[in-house]
Amino acid sequence: MEALKKQASKLREQVARQQQAVLKQFGGYGAYDNVFTDEAEIQQHQRLEKLFTSTRAAKHFQRDIVRGVEGYIVTGFKQVETGTKLSEDSKKYGAENTCTSGSTLSKAAMCISKAWCQMEKERKEMLSSLGQVAESLRAMVMGAPLEDARHLAQRYDRIRQEAEAQAVEVSKRQMRARESPGNGDIYSKLEGAESKLRELKSNMGRLGKEAVVAMASVEADQQRTTLEKLITVVKCERAYHQKVLQILEQLEKEMVSERQRVEGAPLPVMLDSAAPPPSYEEINGMHESPTISQPIKTMEYFLAEVIQSFQAESDVELDLSIGDFLVVRKLSSNGWAEGECRGKAGWFPSDFIERRERVLASKVAHVF
């Protein structure tokens, strides 16, 4: 539609110039033969056309950005729902772990649940910021400054068309006046036509300047604001991915550390996976005692105090609390020890205890 209007305007200018040339050849229209050949007016008209085209293209680009960002937000919130569901499922498994061989996977599930929850929170913050970008650009697309400037340009175009038609009318009346000298009615109509033409020219010049200023201001605002919003989009995306990367790096570190801890632990090989931890009877040779994959140091029993808490992850390990006293019965060469505390026996890291030569009788009573 805009292209058709542009072509029509050019055709009108060509027809007006041809009419003026013909009329000038046969008598001319005097001072009005340069109404639309004035260089300043032509430059103003051309600049206004370029501004109109530029602002229209920028408006369409802003609209495309808004549609793209809105689509990205819709997709993003669907991903948030999926990620949140995965976080909840992982948390549920971690809390309701029923595995009999340890809690390594449940711990990993809890770590993943926490990380995914954090990532989806960051995603929602990014989508919220992108929503503000889309809203700002939408307001500019539908805003008053652009529409007011376009209305000024359209009014200028209409007055210019009227001035073109009036210039042709003046030329015709001038020719009639030359053909009928002394005819008062013809001269009166000629003066009226010339007066109207001068008024149209004045209005056209004023509106043209106003339209150029308004359109130039809108163009500058479009360029500046659109660039700022695109930079905001890039910053939001970058900040989101940086935070997600930090979360994932921390998650990987925790999971790898847990795996290394489990793989490095010397788990005793039980004759029956459901058998209880070693007891005093087994230690004293009354039953077959469990063996482990690492050499065990033969030694006398001794009392020790717990200096670091330890949480058992299998039936063959022993829970320890800081300040507890226990009897240590075996030491392995890879840093694990076996002993009894509070009537329970099992394996634990030997670095978590310290040997004690003297212990209060009240403390010893709690060992058994």
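Helix 2 (residues 39-95) packs against helix 4 (residues 144-179) at an angle of about 145°, and their axes lie 11 Å apart. Keep in mind that this is a predicted model. The chain has 7 helices and 6 strands, and its mean pLDDT is 80.

**Where helix 2 meets helix 4**

- Helix 2 passes helix 4 in a left-handed crossing.
- On the helix 2 side, the contact is made by Glu41, Gln44, His45, Leu48, Phe52, Thr55, Arg56 and Lys59.
- Helix 4 brings Leu146, Glu147, Arg150, Ala153, Gln154, Tyr156, Asp157 and Arg160 to the contact.
- Sort the residues of this contact by character and you get 7 charged, 5 nonpolar and 4 polar.

**The strand 4 and strand 5 hairpin**

- Strand 4 (residues 336-341) pairs with strand 5 in the antiparallel sense, over 6 bridges.
- The two strands form a hairpin with 2 residues between them.
- In that turn sits Arg342, with a positive phi of about 55°.
- If you want one pair to look up in the viewer, take Glu338, whose bridge partner in strand 5 is Trp347.
- Strand 5 (residues 344-349) is mostly covered, with 5 of its 6 residues buried.

**The chain as a whole**

- Going along the sequence, the elements run α-α-α-α-α-α-β-β-β-β-β-β-α.
- Of the 368 residues in the chain, 36% are buried.
- Take the contacts in the chain with a separation of 6 or more: 71% of them are between residues 24 or more positions apart.

**How far to trust it**

- A pLDDT of 70 or more is reached by 76% of the residues.
- Among the elements of the chain, helix 3 (residues 104-141) has the highest mean pLDDT, at 92.
- At the other end is helix 6 (residues 280-283), which has the lowest mean pLDDT, 44.
- Over residues 267-294 pLDDT stays under 50, and the model has 47 contacts beyond four places in sequence for this stretch.
- Residues 22-34 also have pLDDT under 50 throughout, with 21 contacts beyond four places in sequence in the model.
- Where pLDDT is low, don't read the predicted coordinates in detail.

Conventions. Residues are numbered from 1 along each chain as its sequence is written. This is a predicted model: local features need pLDDT of at least 70, side-chain atom pairs count only at pLDDT 80 or more; totals for chains, interfaces and linings use all residues. Side-chain values use heavy atoms; hydrogens and water are left out. Axes are lines fitted to C-alpha atoms, for helices over the stretch in contact, and angles run from 0 to 180 degrees between N-to-C directions. Helices (H or I, at least four residues) and strands (E, at least two) are DSSP runs, numbered from the N terminus. A crossing is left-handed if the near helix is turned anticlockwise from the far one by less than a right angle, and right-handed if clockwise. Contact means heavy atoms within 4.5 Å. Ala, Val, Leu, Ile, Met, Phe, Trp, Tyr, Cys and Pro count as nonpolar, Asp, Glu, Lys and Arg as charged, and the others, Gly among them, as polar. pLDDT is the predictor's confidence in each residue, from 0 to 100. Buried means under 20% relative accessible area, exposed over 50%, partly exposed in between (1.4 Å probe, protein chains only). Two strands pair if DSSP finds at least two bridges between them.
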